[in-house]
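Student: I'd like a close look at how the helices pack in this one. Please take it slowly and put that part in its setting.

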Amino acid sequence: MLLVQENAAGVDIDVPEGYVMKPEDRPTAEAPVAPIPLIDIGLLSGEMSKADGSGAEETAKLRLALESWGILMVTNHGVEPCVIDAMCSASREFFQRPLEEKMKYSQAADGEKYEDYHQGYGSKELKLEHKSTRDWVDRMFLQVEPQEHRQLHLWPESFRDILHEFFVQQSSLVNKRLLPAMARLLGFDDDFFGEKLRGRALTFARLSHYPSCPRPDLVLGVKSHTDATIVTVLMVDNNVSGLQVQKDDVWYDVPCPTDPHALLIFVGDNTEVISNGAFKASVHRVVTNAQKERTSVAMFYVPIPEEVAPTNDLVNDSILDDARK
């Protein structure tokens with residue numbers, strides 16, 4: 001692999017050229033820590049919050065997160081700790097396999113392209129002549145819903161069952177707890193967001209492994225982006241930080257969860273559009289670590305395009321102000 005130089009003085013950069021970010025996109029040495037709220041989402045059910053007001057504080061934290069940061073941490077979410085632990089262990093085990101073993105689940109096996117080349121193991125190759133920079137990450141990307149569209153030949157048997165159970169429990173969190181609470185903040189019925197994830201809506205899982213990197217000052221695990229989703233739910237490695245979120249053009253570190261089984265939730269582009277900007281999509285990226293590797297599992301909840309448009313009832317600030325009361 002071709003090595004490049006950091007400057008005219010001849011300081012070698014010991015990573016391949018294709019991974020080196022432009023100077024303006026490189027991470028800073030230190031970043032402030034984002035005050036991401038930790039929310040007990042079990043207190044946000046309509047019955048509980050109306051009965052005794054016990055969810056008022058959690059509701060206020062949810063509103064703050066949705067309207068400012070576009071990211072929150074949740075506990076009491078209904079995904080069993082043993083399922084989270086099993087999903088984390090299975091992900092780590094897969095990425096520790098030899099390359100030839102992982103390639104059995106690649107986007108193209110035996111020279112044959114699959115119908116959806118984005119699915120399976122491995123990232124789509126980015127060519128230097130296109131002036132794109134590679135992410136420092138090993139990936140597995142799978143469609144999990146609709147279930148009849150799963151390409152199970154790309155699902156390693158070692159985590160096929162646990163990924164399905166992880167999806168089932170996490171979808172209950174999204175559809176029965178999170179999205180109804182978000183809808184109520186805008187003054188809508190509980191199924192306002194949920195109905196946009198029915199029918200032909202899609203759900204994808206992305207398992208990511210970030211190896212240690214010799215030059216975290218030059219390389220990103222994942223470049224800056226927002227998610228084209230209603231929401232994204234992320235299970236992160238609680239021992240290694242690496243996620244950053246941007247607010248007012250400043251990058252902040254997202255702290256490791258204090259609860260090892262907490263989940264991170266990102267607001268997606270589609271929610272920002274549907275809410276007419278009331279809820280903000282999270283701009284985020286992943287930085288690398290010189291000593292430690294990191295593993296995560298993300299679930300992306302994607303509506304069909306026809307369901308994505310600003311809601312007529314949220315067309316001006318006065319209506320949004322009424323919804324906040």
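Tutor: The chain exposes about 15,700 Å², and carbon and sulfur atoms supply 49% of that area. Keep in mind that this is a predicted model. Of the 325 residues in the chain, 50% are buried. The chain has seven helices and 16 strands. If you take the contacts between residues at least 6 apart in sequence, 75% of them join residues at least 24 apart.

Now for the sheet that the helices pack on. It's an open sheet of eight strands with mixed pairing, and the order is β3-β4-β14-β11-β16-β9-β8-β7. Its edge strands are β3 (38–40) and β7 (120–121), each of which pairs on one side only. Over at the β7 edge, two bridges hold β7 to β8, and the two strands run antiparallel. Look there for tyrosine 121, which stands opposite methionine 140 of β8.

With that edge in view, bring in α3: this helix packs on the sheet and touches β7, β8, β9 (202–210), β11 (231–236), β14 and β16 (294–302). The direction of α3 makes about 60 degrees with that of β9. Helix α2 (residues 56–69) lies across β3, β4 and β14 (263–267), and runs at about 135 degrees to β3. So β14 turns up in both lists, because α2 lies across β14 and α3 touches β14.

While you're in the sheet, have a look at serine 296, which sits in strand β16. At 4% relative accessibility, serine 296 falls below the 20% cut-off and therefore counts as buried. Who surrounds this serine? Setting aside neighbours within four places in sequence, serine 296 is in contact with Arg206, Leu207, Ser208, Tyr210, Leu234, Met235 and Val236.

On to the helix pairs you asked about. Two packed helices are described by the angle between their axes and the distance between the axes. For α3 and α5, the axes come within 9 Å and cross at roughly 140 degrees. Since that angle is neither over 145 nor from 65 to 115 degrees, α3 is oblique to α5. The contact uses Val83, Ile84, Ala86, Met87, Ala90, Glu93 and Phe94 on the α3 side. From α5 come Ser158, Phe159, Ile162, Leu163, Glu165, Phe166 and Gln169. As for handedness, α3 passes α5 in a left-handed crossing.

Helix α5 has another partner to check: α2 and α5 pack at an angle of about 85 degrees, with axes 11 Å apart. That puts the angle between 65 and 115 degrees, so α2 and α5 are roughly perpendicular to each other. Here α2 brings Thr59, Leu62, Arg63 and Leu66 to the contact, while α5 brings Ala181, Met182 and Leu185.

The loops leading into these helices are worth a stop too. Going from β4 (71–75) to α3 (81–95), you pass through a loop that holds asparagine 76. Asparagine 76 isn't a glycine, yet its phi is positive, near 50 degrees. With a relative accessible area of 44%, asparagine 76 is partly exposed, because that value lies between the 20% and 50% cut-offs. Going from β8 (138–145) to α5 (157–185), the loop holds proline 146. The peptide bond that joins glutamate 145 and proline 146 is cis, with omega about 0 degrees.

To round out the setting, there's also an open sheet of four strands, in the order β10-β15-β12-β13 and with antiparallel pairing. Its edge strands, β10 (220–225) and β13, each pair on one side only. From one strand to the next the twist averages 25 degrees. Four bridges join β12 to β13, and the two run antiparallel. One pair to pick out is valine 245 with its bridge partner in β13, tyrosine 252. The loop between β12 (243–247) and β13 (250–253) is where you'll find aspartate 249. Aspartate 249, again a residue other than glycine, has a positive phi near 65 degrees. At 71% relative accessibility, aspartate 249 is over the 50% cut-off and so counts as exposed.

Technical notes
Residues numbered from 1 in each chain as written. Predicted model: local features only at pLDDT ≥ 70, side-chain atom pairs only at ≥ 80, totals over all residues. Heavy atoms only, no water. Buried < 20%, exposed > 50% of the residue type's maximum accessible area, 1.4 Å probe, protein only. Pairing = 2+ DSSP bridges. Axes fitted to C-alpha atoms, helices over the stretch in contact; angles between N-to-C directions. Contact = heavy atoms within 4.5 Å. Areas by Shrake-Rupley, 256 points an atom, 1.4 Å probe, with all protein chains shown as cover. Parallel < 35°, antiparallel > 145°, perpendicular 65-115°, else oblique. Left-handed = near helix turned anticlockwise from the far one by under 90°.
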